[in-house]
Amino acid sequence: HVVLANPPFSGRVDRDRIVEDVKVGTTTATELLFLKYMLDSLRPGGRCSVIVPEGVLFGSTGAHKELRRQLIENNRVEAVLSLPGGVFQPYSGVKTSVLFFRKGGSTGHVQFLHADDDGYKLDANHDTPIEADDLPALIEAFATRDAARARWEARDPAAEWSQKWWFADAATLRANDFNLSGSRYRPM
């Protein structure tokens, strides 16, 4: 199931309405609180795929960094799929990504996937089919991520990388404030 982590109400709630269980520092940002709630609600080993505003992946507040730290250090972030800008038009123009994680353990490496096209014209209505669609190849790369990682690790780092997927290890993520924005780690 896919859940949009952007509830229909405003992006902030009153501090006194936030229950202790989902607090992340002093934040009132609903997208962070909702993600924390989903994480806490999973059973050990449970999996979640959630669409989040891109700011969740790289935000610089203490709450953003702490939630990402918890995701990486205490859970297994498997992948982050960057969706094309405008993919939810006409309802929202916010740039989004899909975050895939599993409760428990710790993250060894994260697969980053980048979609430029989703099979529809990226206009105000986003409802006209087009030929270009990166999603089938990205789904295959995610489904075979162990083989993809072996291919990634065997590559020549000096050579051009033409795939729309790549990896970063936990040490690299840690050194970058647990930033989960794929563009930060994309090979040149």
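This section describes helix 3 and the salt bridges of a predicted model.

Helix 3 comprises 13 residues, spanning positions 62-74. The distance from its first C-alpha to its last is 17 Å, close to the 18 Å expected at 1.5 Å a residue. Buried positions in helix 3 are A63, H64, L67, R68, Q70, L71 and I72. These buried residues pack against three helices and two strands, namely helix 1 (30-41), helix 2 (55-58), helix 6 (170-175), strand 3 (75-82) and strand 4 (96-103).

Eleven salt bridges are present in the structure. One of them joins helix 3 to helix 6: the side chains of R174 and E73 meet at 2.6 Å, N to O. Because R174 belongs to helix 6 and E73 to helix 3, this pair ties together parts that are 101 residues apart in sequence. Both partners are partly exposed, R174 at 40% relative accessibility and E73 at 25%.

A salt bridge also forms between E78 and R102, whose closest N and O atoms are 3.1 Å apart. E78 lies in strand 3 and R102 in strand 4, so the pair ties together parts that are 24 residues apart in sequence. E78 is buried, with a relative accessible area of 12%. Together with R47 and R145, E78 and R102 are linked in a network of salt bridges.

Within helix 1, the side chains of D40 and K36 meet in a salt bridge of 2.7 Å, N to O. The two residues are four positions apart in helix 1 and are therefore separated by about one helical turn. D40 is partly exposed at 34% relative accessibility, whereas K36 is buried, with a relative accessible area of 10%.

Conventions:
Residues are numbered from 1 along each chain as its sequence is written. This is a predicted model: local features need pLDDT of at least 70, side-chain atom pairs count only at pLDDT 80 or more; totals for chains, interfaces and linings use all residues. Side-chain values use heavy atoms; hydrogens and water are left out. The expected span of a helix is 1.5 Å times one less than its number of residues. Buried means under 20% relative accessible area, exposed over 50%, partly exposed in between (1.4 Å probe, protein chains only). Contact means heavy atoms within 4.5 Å. A salt bridge is a side-chain nitrogen of Lys or Arg within 4 Å of a carboxyl oxygen of Asp or Glu.
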